Amino acid sequence: MPGWLAVVLAVVGGLAVLWAALIVVLVVQHRRLGRELDWREILRLIPDVVRLVRRLAADSSVPLGTRIWLGALLVYLLLPIDLVPDFLPVIGVLDDALIAALVLRYAIRHAGRDAVARHWPGTTAGLEGMLALIGLGVGQDS
């Protein structure tokens with residue numbers, strides 16, 4: 001095996017392990033907050049989260065750096081090319097969810113909960129579920 005191929009395989013393998021670890025952290029965080037992971041509930045949040053990201057990215061009162069991250073998230077979610085292909089069961093969607101959770105956590109910390117609540121298109125329970133999923137539920141620091 002050529003040396004460059006071994007390096008590429010090692011980097012790809014390392015990234016895959018890191019990605020799996022981050023997904024596990026997301027699931028553990030959700031369970032630590034005392035909630036069972038209900039994938040149907042998470043899937044119902046997806047349209048609301050996409051609308052939230054679009055609205056926050058268009059809001060001029062949100063800091064520019066945060067809007068750039070949100071815009072990049074929208075582009076990533078809309079592109080057909082992912083880090084983990086979506087046709088792979090469960091893990092294909094989880095990479096998108098993980099990236100969205102990380103960017104949303106960043107956005108909420110920089111834009112504030114008020115901006116998020118103002119732009120949230122869904123129910124109050126949906127907002128609380130989204131905040132709990134990304135680790136910023138009730139009683140958590142933002």
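**Figure legends: close-up views of a predicted six-helix model**

**Figure 1. Overall composition of the protein.** Of the 142 residues in the protein, 35% are buried (under 20% relative accessible area, with exposed meaning over 50% and partly exposed in between; 1.4 Å probe, protein chains only). The model is predicted, so local features need a pLDDT of at least 70 and side-chain atom pairs count only at pLDDT 80 or more, whereas totals for chains, interfaces and linings use all residues. Residues are numbered from 1 along each chain as its sequence is written, and side-chain values use heavy atoms, with hydrogens and water left out. The secondary structure consists of six helices and zero strands, in the order α-α-α-α-α-α from the N terminus; these elements are DSSP runs numbered from the N terminus, a helix being H or I over at least four residues and a strand being E over at least two. Contacts (heavy atoms within 4.5 Å) between residues at least 6 apart in sequence join residues at least 24 apart in 63% of cases. The accessible surface of the protein is about 8,600 Å², and carbon and sulfur atoms contribute 69% of this area (Shrake-Rupley method with a 1.4 Å probe; for residues, only the protein chains shown count as cover).

**Figure 2. Confidence along the model.** The mean pLDDT of the protein is 77, and 73% of the residues score at least 70; pLDDT is the predictor's confidence in each residue, from 0 to 100. Among the elements, H1 has the lowest mean pLDDT, 68, and helix H5 (residues 113-119) the highest, 89. Where pLDDT is low, the predicted coordinates should not be read in detail.

**Figure 3. Nonpolar surface patch including Trp4.** Trp4, Val8 and Val12 make a nonpolar surface patch of about 330 Å². Patches consist of residues with over 30% relative accessible area and no salt bridge, with like charges joined within 9 Å and nonpolar side chains (Val, Leu, Ile, Met, Phe, Trp, Tyr) within 5 Å. Trp4 belongs to helix H1 (residues 3-32) and is exposed, at 60% relative accessibility.

**Figure 4. Salt bridge within helix H2****.** The structure holds two salt bridges, each defined as a side-chain nitrogen of Lys or Arg within 4 Å of a carboxyl oxygen of Asp or Glu. In one of them, the side chains of Asp48 and Arg51 meet at 2.4 Å, N to O. Both residues lie in helix H2 (residues 39-58), three residues apart, which is about one turn of the helix. Asp48 is buried at 13% relative accessibility, whereas Arg51 is partly exposed at 31%.

**Figure 5. Salt bridge between Asp59 and Arg118****.** The closest N and O atoms of the salt bridge between Asp59 and Arg118 are 3.0 Å apart. Because Asp59 lies in the loop between H2 and H3 and Arg118 in helix H5, the pair ties together parts that are 59 residues apart in sequence. The two side chains are also joined by a polar contact of 3.0 Å (a pair of N or O atoms within 3.5 Å; within protein, one must be able to donate a hydrogen and the other to accept it, and residues adjacent in sequence count only if both atoms are side-chain atoms). Asp59 is buried, with a relative accessible area of 12%. Leaving aside neighbours within four places in sequence, Asp59 is in contact with Arg67, Arg118 and His119, and Arg118 is in contact with Asp59 and Ser61. The C-alpha atoms of Arg118 and Leu56 are separated by 9.4 Å, although these residues are 62 apart along the chain.

**Figure 6. Thr66 and Ile68 in helix H3****.** Thr66 lies in helix H3 (residues 64-78) and is buried, with a relative accessible area of 2%. Beyond its neighbours within four places in sequence, Thr66 is in contact with Tyr106, Ala107 and His110. Ile68 is found in helix H3 but counts as exposed, at 53% relative accessibility. The C-alpha atoms of Ile68 and Ala57 are 7.2 Å apart, and the two residues are separated by eleven places in sequence.

**Figure 7. Helix H6 and the residue Gly135****.** Helix H6 (residues 124-133) is largely enclosed by the rest of the structure, because seven of its ten residues are buried. The buried residues of H6 are Gly126, Leu127, Gly129, Met130, Leu131, Ala132 and Leu133. Gly135 follows H6 and has a positive phi, near 85 degrees.
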